[in-house]
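This report describes the fold of a single protein chain. The sequence and coordinates are shown first.

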Amino acid sequence: MAKIAILGYGTVGSGVYDVINTNREIVEHKSGEEMEIKYVLDLRDFPGDPVEAVLTHDFNDILNDDEVSVVAEVMGGVKPAYEFTKACLLKGKSVCTSNKELVASHGAELIRIAKENNASYVFEASVGGGIPIIRPLLTSITADKIEEIKGILNGTTNYMLTKMSEEGLEYEDVLKDAQAKGYAERNPAADVEGHDACRKIAILMSLALEAQVDYNDIMTEGITNITKADIDYAKAMGRQIKLLGKGKTTEEGSWAMVAPFMVGKDSPLYMVRDVFNAVSVVGNMLGQVMFYGKGAGKEATASAVVSDIIDAVRSKDKTISINWSEEKYELMPIDTLKTSKFIRIETYDKPAAKKAITELFGETSFIELSDYEDEIGFLTPVMREIDLNKALSGLLSEEGIENILSAIRTEE
């Protein structure tokens, strides 16, 4: 019989508890063993909840119990999750986690410690919730060189951008709605400023490159500056604005970023709406494959954690192999990349502004909307980021141009 412990009885922890107990027959059939949740660790009490029978407030109860072979760490954050995870692995206990912050920060080290102690550190639920993306990268797309990974990696921001597009709402209004529905925290910075998506693309690129991609090195922009006007211009152009995490490998090196992009109808990401996530992977032989599903939520994330628990039980006394070196990978600077941007400018003289833009960027199609009389929108040609930003700075000194209101990358 496999004895399991769960660290944390919040949204995901309670979901893991429910999935194992509700789908016990399936879980035990897939793992090949009977399974018992022996402990659930939490600082709180839960009067009347069945979890009381296995609840402990002392981590050492789990650490020092040799019967516990697999631990689900669903606490979130780095402290004390890192210390608890490391201690379990050093004891030879496998750890399954949904903690993207911990995986992005210490994943390579914890994988090494697991291997040294005949245990496994697995983290399918850390990216994309219930979407299977980690396991395919490790076991299915293994004959290919991964050339590109990109996707909608945060359900909260995708929900907010969907509401803005479909209901014509401003950012502050959809943020309040997302908070009321429980999709966004009271402090929503991790989602809306792009930090959550940044950690996820760092994990995916680390696995693709088999080296440590530091999320602190990834250029990250959120959606806090996206307005209803930006959405209106995007719709007029037949596009949607999506917060994307992107990583790409070229002959010169690899880069990664998180930023809002205008996505066209020919992209499979165009129709990904609400809280759903989608990840596109391009292999040099396979071509493009797409993974789509619920990127967050109690049941979806818990299901992914339990899948890892099943794998860990089946792999007892050996390590689930993950190639991720602790050696840091130096990403290419974003300044050198070529990109096109949609630009909104505020103008007091449209003919003069159009003349200045055309002289700087060449023949350009302008987008004008009746609701925004003192503005012009246009797409830049594809240019190096550093040259494009320099050109935009120069625009401000041109006649007829009052201000640059938006600069949003396009996904071609």
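The account below moves from the whole chain to one sheet, and then to two of the helices.

**Overall architecture**

The structure is a predicted model. The chain contains 14 helices and 18 strands. Its radius of gyration is 24 Å, close to the 22 Å that the globule rule gives for 412 residues, so the chain is as compact as a globular protein of that length. Along the principal axes, the C-alpha atoms fill a box of roughly 75 × 50 × 30 Å.

Of the 412 residues, 55% count as buried. The accessible surface comes to about 18,100 Å², and carbon and sulfur atoms contribute 47% of this area. Among contacts with a separation of 6 or more, 73% are between residues 24 or more positions apart.

**The six-stranded sheet**

One open sheet has six strands in the order β3-β2-β1-β4-β5-β6, with parallel pairing. Its edges are formed by β3 (55–56) and β6 (121–122), each of which pairs on one side only.

Strand β1 (residues 2–7) is joined to β2 (residues 35–41) by six bridges, and the two strands run parallel. Five bridges connect β1 to β4, again in parallel. The residue-level partners of β1 include those tabulated here.

| Residue of β1 | Neighbouring strand | Residue opposite |
|---|---|---|
| I4 | β2 | I37 |
| L7 | β2 | L41 |
| I4 | β4 | V70 |

Residue I4 therefore links the two pairings, with I37 as its bridge partner in β2 and V70 opposite it in β4. How is β1 covered on its two faces? Six of its six residues are buried. On one side lie A2, I4 and I6, and on the other K3, A5 and L7, all of them buried, which leaves both faces of the strand covered.

**Helix α4 and residue E83**

Helix α4 lies across β1, β2, β4 (68–73), β5 (94–97) and β6, and runs at about 145° to β5. The helix spans residues 81–90 and includes E83.

Is E83 buried or exposed? The relative accessibility of E83 is 37%, so E83 counts as partly exposed; the buried class ends at 20% and the exposed class begins over 50%. E83 and C198 are 115 residues apart in sequence, and their C-alpha atoms are 23 Å apart in space.

**Helix α8**

Helix α8 comprises residues 171–180, and its buried residues are Y171, V174, L175, D177 and A178. Seen down the helix axis, these residues fall within an arc of 160°, so they line one face of α8. The buried residues of α8 pack against two other helices, α7 (155–167) and α9 (189–192). On the face turned away from this buried side, α8 carries the exposed residues K176 and A180. Just after α8, G182 takes a positive phi of about 85°.

**Summary**

In this predicted model, β1 pairs in parallel with β2 and with β4, and both of its faces are covered. Helix α4 lies across five strands of the sheet, β1, β2, β4, β5 and β6, and its residue E83 is partly exposed. Helix α8 has its buried residues along one face, where they pack against α7 and α9, while K176 and A180 are exposed on the face turned away.

Conventions: Residues numbered from 1 in each chain as written. Predicted model: local features only at pLDDT ≥ 70, side-chain atom pairs only at ≥ 80, totals over all residues. Heavy atoms only, no water. Helix = DSSP H or I, 4+ residues; strand = E, 2+ residues; numbered from the N terminus. Buried < 20%, exposed > 50% of the residue type's maximum accessible area, 1.4 Å probe, protein only. Pairing = 2+ DSSP bridges. Contact = heavy atoms within 4.5 Å. Axes fitted to C-alpha atoms, helices over the stretch in contact; angles between N-to-C directions. Rg over C-alpha atoms; globule rule 2.2 N^0.38 Å. Areas by Shrake-Rupley, 256 points an atom, 1.4 Å probe, with all protein chains shown as cover. Arc of directions from axis to C-beta.
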